[in-house]
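Subject: Structure handover and notes on charged residues

Hi,

Here is the structure I promised to pass on to you. My notes on its charged side chains follow below.

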Amino acid sequence: MKLEDIDKSRVPQHVAIIMDGNGRWAQRQAHQRLFGHQHAMTAVRQAVEAAVACGVKYLTLYTFSTENWNRPQEEIDGLMELLIKAVKDETKTLMDNNVKLETIGDTARIPEKSRNRLNECIQQTSGNTAMTLVLALSYSSRWEVARALRQICDDAASGRLTAADITEESLRQYLTTKDYPDPDLLIRTGGELRVSNFLLWQMAYTEFYFSDLLWPDFRHEDFYDAVADYQNRQRRYGKTGDQVAKG
């Protein structure tokens with residue numbers, strides 16, 4: 001699929017990606033898992049460029065889950081060092097593409113050196129307007145919901161909130177994604193058919209696109225394929241197809 005084949009009037013506003021397959025890609029090259037994470041940055045750059053070219057306004061990448069803290073310490077340390085290098089190397093790409101960087105997740109757990117470099121990039125790109133790139137770092141949906149419930153309980157105990165105040169919309173304000181629209185499209189690479197504790201509340205009506213490609217092999221054309229597939233679907237939100245067709 002090429003960019004010119006995309007209908008710019010029906011592009012998903014928010015695309016989320018589960019970037020799966022780095023470890024398996026490295027193993028196929030007879031290397032350690034970290035080798036796959038290193039080569040994944042090319043795919044990240046291409047996804048960002050393709051999303052901007054299509055007109056996507058929000059791109060959320062599942063970068064590091066709360067469960068990933070259970071991986072071998074050597075791999076975690078390598079990923080944190082890679083995060084510093086990647087943010088440093090890709091800041092120019094973000095600036096050239098007018099992309100703002102933001103994060104969601106329990107970033108207090110991220111090592112200070114990595115967190116500081118991340119915050120520098122967030123500040124440097126804060127004025128960009130073409131697209132917001134959201135890194136889900138030390139994030140999981142169950143962590144997010146538990147955090148929201150703690151905040152709701154605190155507000156209820158202090159009298160700022162009553163049971164009658166709790167609605168779908170008011171609960172949304174306690175989520176880390178409160179400033180973003182729900183994803184229209186989820187892309188998952190690596191051939192796995194699950195969402196892995198990612199944006200569970202937000203993806204109630206998200207369209208899913210699964211690819212057998214391992215993430216380091218993902219390129220512009222693969223992003224366009226996912227968007228084109230999305231454009232061939234009818235989003236009904238509980239209505240019948242006839243109701244949607246009639247507007």
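Let me begin with Glu 90, which counts as buried because its relative accessibility is 11%, under the 20% cut-off. Please keep in mind that this is a predicted model.

What does Glu 90 pair with? Arg 45 is its partner in a salt bridge, with the closest N and O atoms 2.7 Å apart. Arg 45 belongs to helix 2 (residues 33-54) and Glu 90 to helix 3 (residues 73-96), so this pair ties together parts that lie 45 residues apart in sequence. Unlike buried Glu 90, Arg 45 is partly exposed, at 29% relative accessibility.

The background will be familiar to you: side chains of opposite charge can pair when their charged atoms come close. How many salt bridges does a search of the whole structure find? The count is 16, and a few others are described here.

Within helix 4 (residues 112-124), Arg 117 and Glu 120 are 3 residues apart, which means about one helical turn separates them. Their side chains meet in a salt bridge, at 3.1 Å from N to O. Arg 117 is buried, with a relative accessible area of 16%, while Glu 120 is partly exposed at 46%.

Another salt bridge joins Lys 178 and Asp 179, and here the closest N and O atoms are 3.6 Å apart. Is Asp 179 buried or exposed? Asp 179 counts as exposed because its relative accessibility of 55% is over the 50% cut-off. Lys 178, at 38%, counts as partly exposed.

There is also a network of salt bridges, which links Asp 20, Arg 24 and Arg 188. You may like to display those three residues together.

The last residue on my list is Glu 207, found in strand 6 (residues 207-210). Glu 207 is buried, because its relative accessible area of 16% falls under 20%. Which side chain does the side chain of Glu 207 meet in a polar contact? That of Arg 233, at 3.1 Å. Leaving aside residues up to four places away in sequence, Glu 207 touches Asp 184, Leu 185, Leu 186, Tyr 230, Arg 233 and Arg 235. Arg 233 therefore appears both in the list of residues that Glu 207 touches and as its polar partner, with Glu 207 itself buried at 16%.

Happy to talk any of this through whenever it suits you.

Best wishes

How values were computed: Residues numbered from 1 in each chain as written. Predicted model: local features only at pLDDT ≥ 70, side-chain atom pairs only at ≥ 80, totals over all residues. Heavy atoms only, no water. Helix = DSSP H or I, 4+ residues; strand = E, 2+ residues; numbered from the N terminus. Buried < 20%, exposed > 50% of the residue type's maximum accessible area, 1.4 Å probe, protein only. Polar contact = N/O pair within 3.5 Å; in protein donor to acceptor, adjacent residues only side chain to side chain. Contact = heavy atoms within 4.5 Å. Salt bridge = Lys/Arg side-chain N within 4 Å of Asp/Glu carboxyl O.
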